[in-house]
Structures are given as C-alpha cells and as structure tokens.
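Reader: I am new to reading helices in a model. Can we go through a few together?

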Amino acid sequence: MTTLRRGRVRRLTALIRKESFQIIRDPSSILIALVLPLILLFLFGYGVSLDTSRTNVGLVLEETTPVTLELAASFQNSRYFDVTVGHDRREFAEDLVQSRIGGILVIPNGFTADLTAARHPAVQVIVDGADPNTANFVQNYAAGTVSTWEAQRAAERALTATPLLVQQRFWFNPELKSRNFLVPGSIAIVMTLVGTLLTSMVIAREWERGTMEAMMATPVTAWELLAGKIVPYFLLGLASMSLCVGLAVFLFGVPFRGSILALYALSAAFLMPSLGQGLLISAVTKNQFLASQLALLSGFLPSFLLSGFIFEINSMPLVIQYVSMIVPARYLIPSLQSVFLAGDIWPMFLRSILVLLGFGLVLFAVAIRKTAKRIT
Amino acid sequence: MTATAKPVLVRLDGVVKRFGAGAPALDGVSGDIRGGEITGLVGPDGAGKTTLIRLMTGLMQPDGGVITVLDHDARKEAPAIQAAIGYMPQRFGLYEDLSVQENLDLYADMRGLPRRERPAVFDELLTFTDLKRFTDRLAGKLSGGMKQKLGLACALIRKPRLLLLDEPGVGVDPISRRELWKMVENLTTEGIGVVWSTAYLDEAEACDHVLLMNAGKLLYAGTPPGLTDRVAGRVKRLIGIKGSRRRLLARLLDDDKVVDGVIQGEAIRLVLAEGDDGDSVVKTAGAEADRLIPATPRFEDAFVDMLGGGPGGRSALAEAQAARPDGDGRPVIEARGLTKRFGDFTAADRITFDIPRGQIFGLLGPNGAGKSTTFKMLCGLLKPSEGEGRVAGFDLRRDAAEARNRLGYMAQKFSLYGDLSVGQNLDFFAGVYGLAGARRRERIAMMLDVFDLAPHASMSTKDLPLGLKQRLALAAAVMHEPEALFLDEPTSGVDPITRREFWTHINGLVEKGVTVLVTTHFMDEAEYCDRISLIYRGKSIALGSPDDLKASVATTDRPDPTMEDAFIALIEASEQEAAA
C-alpha cells in the first residue's frame with residue numbers, strides 16, 4: 001500500500017518538475033505569464049484611462065454684458081474646460097464636426113434680460129452625439145458650472161438666502177482615478193490568461209506532440225496527469241498575480257487597504273474555475289490553435305467584457321446580465337476591487353469564494369470525465 | 001519447432017474498431033504476437049496499424065473482439081498492461097524542451113524504477129543507444145536518429161516484456177534505422193516480444209513474423225518467407241532491354257499473364273500469373289529484350305499479388321497528351337552549383353546535375369539531407385544563395401514566373417484545400433495555371449475521368465482516402481500539361497497498388513516527353529529513375545544510373561547489392577572521406 005502511494009507521489013513530483021522545466025524553458029509561457037500581464041498592466045495603468053481631463057469647448061457670447069462676461073469667466077476658470085471665446089456659433093461648427101472641440105456653449109441673446117426678469121435664462125450646449133462620453137461630460141459640467149455661478153450670484157446678492165449646495169464626496173477612490181479600479185480588475189484578466197489560455201495550450205501541445213499518448217501508456221493515472229498540470233499553473237497564476245499586485249501598489253500607487261490573506265484566498269478560488277476551464281478546453285480540442293481560440297473566446301473576452309471590469313453590469317441589457325452570471329470573473333472583480341480600495345469585507349469575499357469554488361468544482365468534474373486515459 | 005516454444009504475449013481475436021460511419025478501421029483482426037521475436041505490423045498508411053497498437057496499450061477500446069495482452073484483457077485491465085509494456089508512439093513521445101537525462105528521469109519516475117537501480121539502468125541504456133555524450137542536450141536538438149534511440153531508451157526503462165514501436169523507421173536515415181534494428185534484435189534474445197509497425201515492405205522482410213494489413217483487414221499472418229512463397233518461381237527479371245523499357249513495361253502490364261511489373265534499373269521486374277512459364281512475356285517483348293531470368297521474390301511482389309495484381313499499363317492521362325517534340329537536345333532541368341545557406345548552415349552545397357527531356361531523375365537521401373531544399377530552389381520557391389538553376393531554358397533567378405508556368409509541382413505533404421471539394425480544387429488549380437473557357441472545362445472533365453474522381457467530385461477533399469487524395473494532387477499538378485514535373489515524396493505511405501497506378505501515369509507522361517524530378521526515400525522507387533543523385537548532408541555524394549550505383553559497391557561478398565546496400569555503403573564511404 002505504501003509503495004503504491006510512494007509511486008504516486010513520485011510520479012506527481014516528476015510531472016510537476018517536468019512542467020516547471022518546460023515553463024522556464026518555453027518562451028511562450030514566460031510571455032503569457034509575465035510579459036503579457038506587464039503589458040496589460042501598463043496599458044491600464046498609463047494608457048487607458050476613463051477619466052477625462054480638460055476638454056476644449058467653444059464659448060459663444062451672443063451678447064456682451066457684465067453678466068454674460070461674468071458667466072464666461074466662470075467657464076474660463078473651470079478646471080474642466082479649455083475655453084475659446086467667440087461671438088457666433090458658426091465659428092465653432094467646423095471644429096465640433098472635426099472633433100477639435102468637445103462642445104459649443106452658447107450664451108444667447110437676451111440672457112441678461114431673462115435673468116433680470118427672473119425668467120429662467122438658458123445656456124445652450126451643443127455636443128457631438130457620436131461621442132457620448134464627451135457629450136455627457138460637457139453637458140454635465142456645463143450645467144454644474146452654471147448652477148455654481150447662479151448660486152454664487154445669489155449668495156452675493158442676498159446673503160440671507162443661503163443657496164442649496166450639493167457637496168459631492170466619493171468614498172474609497174476620492175480622486176475617482178479609473179486606474180485604481182482598472183488595475184485590480186486587470187489582475188483577474190491576467191489570471192484568466194494563465195489559468196485558461198496557457199493551461200489549455202500546454203495540454204493541447206502535449207496531444208499534438210504525442211507526449212500525452214506516451215505518458216498515458218505508463219502506469220500514471222488520469223488524476224496524476226491532471227494534477228501534474230494544475231499544481232504548476234496554479235502556482236504560476238499566483239506568481240503572476242503577485243507580480244501584478246506588486247506593480248499596482250508600488251508603481252501605480254493603487255491603495256491596498258485589505259489583507260494579503262483575502263487577496264490570496266480570492267485569487268486561489270478564482271484560479272479553480274480558470275484552470276478547470278483550461279483543462280476542459282484542451283481535453284476537448286487537443287489542438288493548440290483551436291484551444292487558444294476557444295480560451296480567448298470563452299475565457300478572456302467574457303472576463304473582459306461581462307465581468308463589470310470595464311462595463312457596468314447594471315447598465316447592460318437584461319439578457320446579457322443573466323449571461324454574465326456564469327462568468328467567474330464577475331464574482332471576483334468586485335471583491336478584488338474592495339481588497340484594494342475598501343478593505344476586507346469578509347461576508348462579500350466568502351460569498352465570492354464559494355461561488356468560484358462551485359464553478360471550479362463543476363468544471364473540474366467535467367474535465368476529468370473528458371480526460372479519461374483514453375484516446376478516441 | 002522453436003517457434004511454437006515461444007510464449008504468446010498478445011492474442012488478437014476478431015478485433016473490430018470503428019471511427020464514425022464508413023468502413024471500420026479494423027475489421028475482425030486475429031493473430032498472435034510472441035515473445036523473443038520481432039513481429040512486423042505491416043501495411044500502408046490507413047491500414048489500421050496505429051489503431052491496433054493503441055488497442056494493445058489499452059489506450060483505446062475495441063468495438064468488438066478480444067485483445068489479451070500478457071494474460072490481461074485490454075478492455076478491462078489496461079493499468080496492468082500499461083505497467084508491463086514499453087511503448088514508443090510515432091514521433092517518439094519525447095519532451096523536446098527537456099534534456100536527454102531529464103527525459104530518462106521522467107520516464108523512470110513514471111514507471112517507478114527504484115532509485116538505487118537507476119545508475120546502472122541509465123548507464124546501460126545510454127551505452128546501448130550511444131547517447132552518453134549527449135545527456136545534457138535538449139531532446140529537441142537531437143537528430144532524428146538520436147531522438148529515435150532516446151525514445152527507445154525511454155520505452156525500455158523498466159525492461160518490458162512487450163515493446164510496441166509505432167513506425168520507428170519514419171523520418172530516420174537508413175543507417176540509423178539499421179542500428180535501431182540491431183538494438184531491437186538484441187532485445188529479442190532476452191525474450192522480449194517486439195512489435196515494429198512499418199509502411200516499408202523492405203523492413204518487413206527482416207521480421208521474424210509479420211501481420212500484413214490493408215484497409216483494416218489482416219491479409220497475412222506468418223513468416224515473411226511464407227508470404228513470398230506464394231510468388232515463388234513467378235518473379236522474373238527481363239534484362240537486356242533495347243529501346244524504351246517504360247513503353248515495354250506498359251505493354252507487358254496489359255498482358256493477362258503479368259500480375260505485376262515495375263522498372264528496376266535497366267531491367268523490368270515482373271510477377272507472372274500462376275502456372276505461367278513466361279512464354280507470353282518473351283513473345284510480347286520480342287526482339288526488344290534479351291531474356292527472362294529468375295529473381296528473388298520480395299515482400300512487395302507478394303503483397304501486390306495478394307491484392308489481386310497491379311493495374312494495367314495504360315495511362316489515359318498520357319494518351320490524351322500530345323507528344324512533345326524532342327526539342328533542341330538541351331536539358332529541360334539544369335542545376336549548376338546550387339547552394340543554399342541558412343545562417344551558417346549549408347542546407348545544399350554546390351548541387352549540379354541536368355536532366356534531358358523525357359527522363360526521370362531522382363534525388364535520394366535521408367530526411368534533412370537537403371533534397372527538399374534543392375528541389376525547392378529548382379522550382380523557384382527558394383532563392384539559391386549561389387549557383388543557378390534553369391527549367392525549360394528559363395533562368396530561375398530572372399524568369400522565375402516563366403519557369404514556374406512550365407512546371408507542375410506535387411508537394412510532399414498533401415497541399416490541396418481540404419475544405420474545398422474535389423471539383424472546386426481542380427477548378428481552383430485550373431484558374432491558377434491560367435486555363436480558361438472551353439479548355440478549362442475540358443481539362444477538368446478529363447482529370448475527373450482519367451483519375452476516376454468523378455464519383456467523388458463533390459466530396460470534401462479532406463475526407464478522401466489517402467489514395468484518392470494522392471490522385472487528386474497529381475491531377476492538380478499535371479492539369480496544364482507541364483513540360484517538367486516536380487514530385488516531392490509523391491508516394492510516401494500509399495499502398496503499393498496506388499503507387500503502381502501513379503507510376504503508370506508518370507511513365508506514360510515521360511514517354512510523351514515530360515521530364516520528371518522526384519525525391520524519394522523509397523529504395524524501390526529510386527530504381528524507377530533513369531539517374532539518381534544521392535544527397536547526404538547537403539552534398540551530392542554520388543550520381544549515376546541505379547545500376548551503376550549498385551555496381552559501384554558490389555564486392556565478392558555481396559555480388560548483387562540492393563539499392564539500400566548501395567545507399568549505405570556510399571554514405572559510409574563519404575563519411576570516411578570526410579573524416580580523413
């Protein structure tokens with residue numbers, strides 16, 4: 001009995017050692033496990049930002065009065081706009097079409113009269129609907145600037161009538177830096193790459209090169225073969241994640257308010273469905289090209305698009321929201337973002353971990369059924 | 001009888017295996033494999049050899065019948081079988097990014113070889129395979145022959161009772177192949193049973209016992225002499241041929257009394273029908289040949305006989321083609337000092353030869369010797385580093401497009417579009433070669449007819465059996481009636497009947513003045529050529545007619561060497577020269 005167990009342990013360690021040699025010597029695994037995460041992280045850290053800095057706008061003063069000049073000044077002083085002043089909206093029409101400016105703000109004829117008569121004066125905002133993000137931004141901040149200006153005027157005029165001021169305060173990510181929530185999210189993507197893409201490709205490669213067949217004709221069991229793949233890529237996934245976290249915290253200055261334990265517990269749980277999916281794909285395809293296509297399509301893209309990483313799940317069509325329920329990354333990303341930005345919220349983490357382990361269990365069960373020591 | 005004393009290791013009883021619909025991959029195969037001898041599992045690609053071996057390892061389940069390996073039922077007791085056998089799959093099952101030693105360690109762990117026994121076992125295996133100097137080298141950086149030896153060493157880590165080798169001779173030069181054979185033969189003296197699967201019939205002749213398979217059926221089980229006995233006395237050589245031996249062969253093949261016939265150097269090798277004394281052949285040959293002499297029967301003679309004889313000698317393809325005028329007597333294909341370097345590696349080194357109109361020239365050599373490089377330079381697919389090549393008088397450097405229009409090319413690997421139907425492929429290639437209108441329709445119809453592809457015209461090419469794929473590839477290459485035909489390993493792995501059919505067409509075209517350059521590692525096929533160049537390590541080490549090359553290595557011990565003997569002797573001579 002003990003010799004049987006010793007044989008099992010020896011085979012497993014031999015498989016893991018072999019896999020480690022291969023990871024170290026194979027440029028493609030280094031590429032996927034280390035270089036790709038770096039590129040992704042730098043892309044989200046520096047390149048992609050959902051924040052908007054100053055936007056160029058054209059300001060049309062159709063009448064020049066002290067009042068309109070005062071309002072124009074508050075646009076010019078705004079930290080959200082770079083203002084060019086003109087007197088006819090036609091001056092800016094071409095700029096808007098060419099996207100040289102994000103919008104045209106028009107202070108119309110009769111603005112001063114309306115204001116004095118306490119009729120609601122209007123400021124027209126013309127934006128490019130083809131670029132909804134900028135359009136929204138210009139619209140909102142223009143409205144904000146106008147109401148601030150009105151409030152100030154009111155305060156100056158009648159000190160008694162205290163205006164209602166809205167004070168915004170953002171918790172957890174006060175500067176609203178998109179980097180702070182994109183970087184934790186991209187760590188989930190990196191683990192999908194290692195767990196699903198890399199794993200499915202290395203197993204498919206063994207089928208292609210005939211080494212899988214040679215291994216199967218030895219006393220090794222299907223369990224040992226699978227474990228021999230899972231253990232090294234599990235560790236590689238964690239290593240890759242650690243590298244990303246290190247960079248995120250020390251290079252990009254993303255806050256880390258939770259505990260290391262929570263980080264590793266969540267990551268480890270997430271690697272289960274990720275690896276399970278990788279094993280399943282390779283068991284079904286046995287072909288590197290097909291495996292990589294399937295892994296990208298069923299692993300990478302959903303983690304990217306349907307996980308709430310970039311696109312808010314609540315604003316997706318209902319059907320897509322249901323589809324997103326089977327994307328494991330969806331359960332990881334909010335928790336991971338909390339670990340970084342908020343701190344440990346164990347009830348939420350435990351729920352995520354349970355769901356992820358559940359996904360993992362199902363995927364492993366199917367993968368093992370498909371990887372019976374059989375060639376079909 | 002000693003044969004009966006040898007224990008039966010594997011018993012196959014009515015084994016059936018199906019993959020999807022269609023004919024079964026194995027159709028009721030029964031036979032025994034014994035310890036202490038080499039059993040050849042012989043047959044063309046698609047015969048079912050790999051499937052049968054996988055069934056014996058327990059990695060696949062039969063759909064019918066019983067397989068008993070070392071007293072275990074392969075269906076139920078696969079683990080027990082896997083613990084006791086050694087198996088080398090095609091491509092040897094090595095991890096290319098692990099070193100020789102690491103591969104051995106891995107297999108030792110997998111098979112549970114106790115640590116204290118390892119030094120001795122490794123030492124023995126490394127000595128046996130002559131890999132001692134290379135233990136630190138990555139397996140991917142070994143030559144084909146060395147990979148094969150390492151694969152064998154890994155399969156032998158725990159001295160198995162049964163050793164299964166799936167096509168160990170593929171992709172390996174003949175010298176390495178002979179070395180491997182000797183090693184395996186040594187193993188049988190220890191009582192190990194060896195299964196050696198192969199598509200090469202000359203390899204099969206050396207086995208103690210063979211299972212000859214074709215299209216999933218077992219054709220013969222027994223000793224090789226037992227098989228060749230069926231054609232004993234019926235194999236002859238027609239020698240002293242005046243005039244065209246190809247034209248004579250075509251006439252002879254149409255004779256009912258001739259079962260099979262091929263060109264063999266200057267002679268024609270024939271298998272006569274049972275009970276025939278050769279009179280009819282002599283009469284047909286008339287004054288064109290001197291006489292008919294007996295020849296030693298070979299495995300291939302018997303195989304073709306067993307399959308009901310080869311096809312007739314007429315090639316409808318060649319008959320429909322207009323004869324080319326003799327021209328100005330200049331060679332159609334010329335190579336002048338063709339050299340190709342990849343970095344500091346010289347793949348082809350000053351290759352020079354020329355091929356007159358209406359001749360077949362063969363490039364013979366092991367894989368990686370430089371055959372394909374030379375070949376690709378001559379059809380304008382690869383730019384030579386030095387030297388020049390001409391096809392039909394066009395310089396390949398300056399007028400590559402003109403030259404390519406005059407040649408037909410059949411690539412080594414099946415290079416048609418698998419997802420297109422047979423008809424669509426022909427239509428595509430007709431377009432590529434600039435055939436249009438009535439002529440295009442006429443040529444396509446003719447190809448479908450001549451190669452008997454019409455019933456399969458709408459089938460997806462990838463679903464065709466190998467023989468039909470190969471016909472279609474030839475059809476695509478000859479559609480535009482090229483002056484020169486380039487054939488890269490054209491009949492590798494196909495059954496001998498398909499191979500005969502193929503050569504009937506080629507011979508017919510050559511009679512019409514088409515010039516052929518062919519690469520091959522089939523020794524038999526080399527003898528169909530008018531002249532051959534032996535390529536080894538990028539150099540042409542010998543050039544001449546097959547008979548001349550064979551005669552050049554004849555000794556008193558070996559008055560009548562085979563082509564393979566000549567090949568090995570010439571390579572050894574060249575290595576000694578290089579060493580000196």
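**Reading two helices and a contact**

Author: Start with burial in a predicted model. In H17(B), the buried residues are Arg443(B), Ile444(B), Met447(B) and Val450(B). Seen down the axis of H17(B), these residues fall within an arc of 140°, so they line one face of the helix.

Reader: Which residues of H17(B) are exposed on the other side?

Author: Gly437(B), Ala438(B), Glu442(B) and Ala445(B) are exposed there.

Reader: What covers the buried residues of H17(B)?

Author: The cover includes three helices of chain B: H13 (316-319), H16 (422-432) and H18 (466-478).

Reader: How far apart should the ends of H17(B) be?

Author: Count 1.5 Å a residue. H17(B) runs over residues 437-450, which is 14 residues, so a span of 20 Å is expected. The end C-alpha atoms are 20 Å apart, and that agrees.

Reader: What follows H17(B)?

Author: Asp452(B) follows, with a positive phi near 60°.

Reader: Now H16(B). Which of its residues are buried?

Author: Val422(B), Asn425(B), Leu426(B), Phe429(B) and Ala430(B) are buried in H16(B). They cover an arc of only 135° around the axis, which puts them on the same side of H16(B). These buried residues pack against H17 and H18 of chain B. Just after H16(B) comes Gly434(B), with a positive phi of about 75°.

Reader: How do I describe two packed helices?

Author: Give the angle between their axes and the distance between the axes. For H16(B) and H17(B), the angle is about 135° and the axes are 10 Å apart.

Reader: Why are H16(B) and H17(B) called oblique to each other?

Author: Angles over 145 degrees count as roughly antiparallel, and 65 to 115 as roughly perpendicular. The angle of about 135° fits neither range, so H16(B) and H17(B) are oblique. Their crossing is right-handed. H16(B) makes the contact through Leu426(B), Asp427(B) and Ala430(B), and H17(B) through Arg440(B), Arg443(B), Ile444(B) and Met447(B).

Reader: Let us turn to the chains. How many residues does each chain bring to the contact between chain A and chain B?

Author: Chain B brings 21 residues and chain A brings 23 residues. On the side of chain B that touches chain A, the elements giving two or more residues are H2 (49-57), H3 (78-84) and H4 (100-110) of chain B.

Reader: Which element gives the most to that side of chain B?

Author: H4(B) gives the most, with four residues.

Notes. Residues are numbered from 1 along each chain as its sequence is written. Chains are lettered from A and ligands numbered from 1 in the order in which they are written. This is a predicted model: local features need pLDDT of at least 70, side-chain atom pairs count only at pLDDT 80 or more; totals for chains, interfaces and linings use all residues. The expected span of a helix is 1.5 Å times one less than its number of residues. A residue is buried if 20 or more other C-beta atoms lie within 10 Å of its own, exposed if 12 or fewer, and partly exposed in between; C-beta atoms are placed from the backbone. The arc is that of the directions from the helix axis to the C-beta atoms. Two residues are in contact if their C-beta atoms, placed from the backbone, lie within 7 Å. Axes are lines fitted to C-alpha atoms, for helices over the stretch in contact, and angles run from 0 to 180 degrees between N-to-C directions. Angles under 35 degrees count as roughly parallel, over 145 as roughly antiparallel, 65 to 115 as roughly perpendicular and the rest as oblique. A crossing is left-handed if the near helix is turned anticlockwise from the far one by less than a right angle, and right-handed if clockwise.
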